[in-house]
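User: I would like a close look at a single part of this protein. Please choose the part around one of the pockets and walk me through it.

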Amino acid sequence: MKRIILYILCIIALVPSAMAREIETTDTLTASVALVRMPAQTLDLLTTSMRLDLLDYYRADSIYRVPNAMEGLSYLHRPLTRDYVKVQVTPVTTLTIRVLPYRKSQIAVTCYTIGDSLQAADTDIRFYDSNMQELKRDKFIKLASTEDFFDFKDVDHKTRKELLALVPFPTVKYTLNPNNGELHARLTSGEFLGKETLDKITPYLRRDRVYVWTGSKFEIKK
């Protein structure tokens, strides 16, 4: 009996390392592979071992909360698919990864978002090749400007300038769709403007914009 128990314990201990070997040797980029291979400086609160634990427990049908480097708890959101994973890194930060087809390979796009009920959510977007080497962002997306969130049809130049001045520090939250190549952009700074200012911009505001992956870059839907 003791031998059987010892054997079981050894098998359990080897699960993360076995998964690590699989991820190290695979040539196919998946969301899980991208998460584990993410450069340390990009996701420094979660070590490789912590990321593997998150994936192992999720696959065992358990939302496991891993203590991170700030002594807080991190966990995975549902769904976790071959091409999509979302990590709650801290109570106010999330990292989402989406793997997309790119030429004859794959590309990983990440959205690192900071924000809560007291702070307008803002997202840092990055792109990585199949070896998780960071790529130049400008090649794959033109980030939304304040003007992209306004409909200035039939608006004169003076009014247009006045409206844009009411949102001097725009913050944008980007959300990756788990089911397709869409990327949703939402102007979040408007949520923290005063009522008088919000009343002025609301008739012209398009708070949400949608990007579509064309196979080589993201483009805003017209």
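What follows is a look at the second largest pocket and the strands around it, then at the rest of the chain.

Analyst: This is a predicted model. The chain has five helices and eleven strands. Of its 222 residues, 40% are buried. Among contacts with a separation of 6 or more, 46% join residues 24 or more positions apart. The chain exposes about 13,200 Å², and carbon and sulfur atoms supply 54% of that area.

Now the pocket itself. The second largest pocket has a volume of about 240 Å³. Its lining counts 19 residues. Nearest its centre lie Lys86, Thr94, Thr113, Gly115 and Lys173. Four strands each give at least two residues to this lining: strand 3 (84-90), strand 4 (93-102), strand 5 (105-116) and strand 8 (172-176). Strand 5 gives the most, with five residues. By class, the lining of the second largest pocket has eight nonpolar, eight polar and three charged residues.

Take Thr94, one of the residues nearest the centre of the second largest pocket. Thr94 sits in strand 4. It counts as buried because its relative accessibility is 14%, below the 20% cut-off. Beyond residues up to four places away in sequence, Thr94 touches Lys86, Val87, Gln88 and Val89. It also touches Cys111, Tyr112 and Thr113. Two of these partners, Lys86 and Thr113, are themselves named among the residues nearest the pocket centre.

Follow strand 4 along to Leu100. Leu100 is buried, with a relative accessible area of 4%. Not counting residues up to four places away in sequence, Leu100 touches Ser105, Gln106, Ile107 and Val109. Gly181, Trp213 and Phe218 are also in touch with Leu100. Asn180 is 80 residues away from Leu100 in sequence, yet their C-alpha atoms are 8.9 Å apart.

The loop between strand 4 and strand 5 holds Arg103. Arg103 has a positive phi of about 55 degrees, although it is not a glycine. With 68% relative accessibility, Arg103 counts as exposed. So the loop residue Arg103 is exposed at 68%, whereas Leu100 is buried at 4%.

Next, the approach to strand 3. Glu71 lies in the loop between strand 1 (66-67) and strand 2 (73-76). Glu71 is not a glycine either, and its phi is positive, at about 65 degrees. Its relative accessibility of 76% makes Glu71 exposed. Pro79 is in the loop between strand 2 and strand 3. The peptide bond from Arg78 to Pro79 is cis, with omega near 0 degrees.

Two helices come next. Helix 3 covers residues 48-59. Its twelve residues should span 16 Å at 1.5 Å a residue, and the end C-alpha atoms are 17 Å apart, which agrees. Buried in helix 3 are Met50, Arg51, Leu52, Leu54, Leu55, Asp56 and Tyr58. An α-helix has 3.6 residues a turn, so residues three or four places apart point the same way. Just after helix 3, Asp61 takes a positive phi of about 65 degrees.

Ser32 belongs to helix 2 (residues 31-37). Ser32 is buried, with a relative accessible area of 7%. Setting aside neighbours within four places in sequence, Ser32 is in contact with Leu55, Arg59 and Leu80. Leu55 is one of the buried residues of helix 3.

For comparison, here is the largest pocket. About 290 Å³ of space lies in it. Of its 15 lining residues, Lys142, Tyr211, Glu219, Ile220 and Lys222 are the closest to its centre. Strand 10 (208-213) and strand 11 (218-220) each supply at least two lining residues. Strand 11 provides the largest share, three residues. The lining of the largest pocket has six nonpolar, no polar and nine charged residues. The second largest pocket, by class, has eight polar and three charged residues in its lining.

One last loop. Asp138 is found between strand 7 (134-135) and helix 4 (157-165). Asp138 is exposed, with a relative accessible area of 69%. Arg126 is twelve residues from Asp138 in sequence, and the two are 9.7 Å apart, C-alpha to C-alpha.

Methods: Residues numbered from 1 in each chain as written. Predicted model: local features only at pLDDT ≥ 70, side-chain atom pairs only at ≥ 80, totals over all residues. Heavy atoms only, no water. Buried < 20%, exposed > 50% of the residue type's maximum accessible area, 1.4 Å probe, protein only. Contact = heavy atoms within 4.5 Å. Areas by Shrake-Rupley, 256 points an atom, 1.4 Å probe, with all protein chains shown as cover. Expected span 1.5 Å × (residues − 1). 1 Å grid on protein atoms, 1.4 Å probe; cavity = no way out; pocket = protein on both sides within 12 Å on 5 of 7 lines; lining within 4 Å. Points joined across faces, edges and corners; volume = space filled by probe spheres on them. Nonpolar A, V, L, I, M, F, W, Y, C, P; charged D, E, K, R; others polar.
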